[in-house]
Amino acid sequence: MRVVLLGPPGAGKGTQAQVIAGRLVVPAISTGDIFRTNVSGQTELGKEAKAYMDAGDLVPDEITVAMVRDRLAEPDAKVGFLLDGFPRTIAQADQLRSSLADLGQGLDRVLELVVDEEELVRRLSGRRMVVDGQEVQREDDKPETVRRRLEVYREQTAPLSGFYQAQGLLSQIDAIGSVEEVTARAMKALGKPEHGQPDAG
Ligand code: AMP
């Protein structure tokens, strides 16, 4: 299956991407993770991306699109993939569609995790990750950057919802609830309901 996971920062995309990709037995491909790995490894790509990320802005499309095209060409993505954090602009979505079409492929479904903004701000300001055994706040989870990331989401990424709706690919998922509840809703939307799992519809 080829799936895109959409949703604002703080909606739980990273967590759901890992779990859902595990169930589908496809790689979870997170552009944010690829950028962060490159930033900490101080690669050329990381150096190019860092200033945009720290400001809460999107890395330019040409850099991001080329990176995703290379990643999708790797052998593990032949069986399918779950994209987390890509596409984030209509231009990226158009590029994805044409890259897949060149391979005779298309997306099977786009899942949009829906959470209201008040809850997002609450979640992001409390979010921590563990680096070298220590809990740290992501540079771009600082309050002023969070505001900018939400604004960028509203302006540049939210239009993808209508874009994929028009193609009949969109399923909106209520992302309030436990990880298991949200996963169950997502699996149901993918036509793979899980028996015995909590499912609030
Ligand atoms: P994420 O972990 O998905 O929240 O991404 C963290 C940051 O990486 C974003 O705020 C952007 O600066 C950058 N980024 C991730 N994915 C993309 C993308 N598809 N297009 C542009 N920038 C991206």
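1. UniProt positions are given here in the numbering of this structure, and such annotations may be inferred rather than shown by experiment. The model itself is predicted.

2. The unreviewed UniProt entry lists a "binding site" made up of Gly 10, Ala 11, Gly 12, Lys 13, Gly 14, Thr 15, Arg 127 and Gly 177. Of these residues, Lys 13 is included in the lining of the largest cavity.

3. Ala 11, one of the listed residues, sits in the loop that runs between β1 (2-6) and α1 (13-24). Its relative accessibility is 4%, so Ala 11 counts as buried, the cut-off being under 20%. Leaving aside residues up to four places away in sequence, Ala 11 touches Leu 113, Val 115, Leu 120, Arg 123 and Ala 175.

4. Thr 15, also on the UniProt list, is placed in helix α1. Thr 15 has a relative accessible area of 43% and is therefore partly exposed, because that class covers values between the 20% limit for buried and the 50% limit for exposed.

5. A separate point concerns two helices. The axes of α5 (residues 90-102) and α8 (residues 159-166) come within 10 Å and cross at roughly 35 degrees. On the α5 side the contact involves Ile 90, Ala 93, Asp 94, Leu 96 and Arg 97; on the α8 side it involves Pro 159, Leu 160, Phe 163 and Tyr 164. Sorted by class, the contact of α5 with α8 has seven nonpolar residues, two charged residues and no polar ones.

Conventions: Residues are numbered from 1 along each chain as its sequence is written. This is a predicted model: local features need pLDDT of at least 70, side-chain atom pairs count only at pLDDT 80 or more; totals for chains, interfaces and linings use all residues. Side-chain values use heavy atoms; hydrogens and water are left out. On a 1 Å grid over the protein atoms alone, a cavity is a set of points where a 1.4 Å probe fits but cannot get out, and a pocket is an open set with protein on both sides within 12 Å along at least five of seven lines; lining residues have an atom within 4 Å of a point. Helices (H or I, at least four residues) and strands (E, at least two) are DSSP runs, numbered from the N terminus. Buried means under 20% relative accessible area, exposed over 50%, partly exposed in between (1.4 Å probe, protein chains only). Contact means heavy atoms within 4.5 Å. Axes are lines fitted to C-alpha atoms, for helices over the stretch in contact, and angles run from 0 to 180 degrees between N-to-C directions. Ala, Val, Leu, Ile, Met, Phe, Trp, Tyr, Cys and Pro count as nonpolar, Asp, Glu, Lys and Arg as charged, and the others, Gly among them, as polar.
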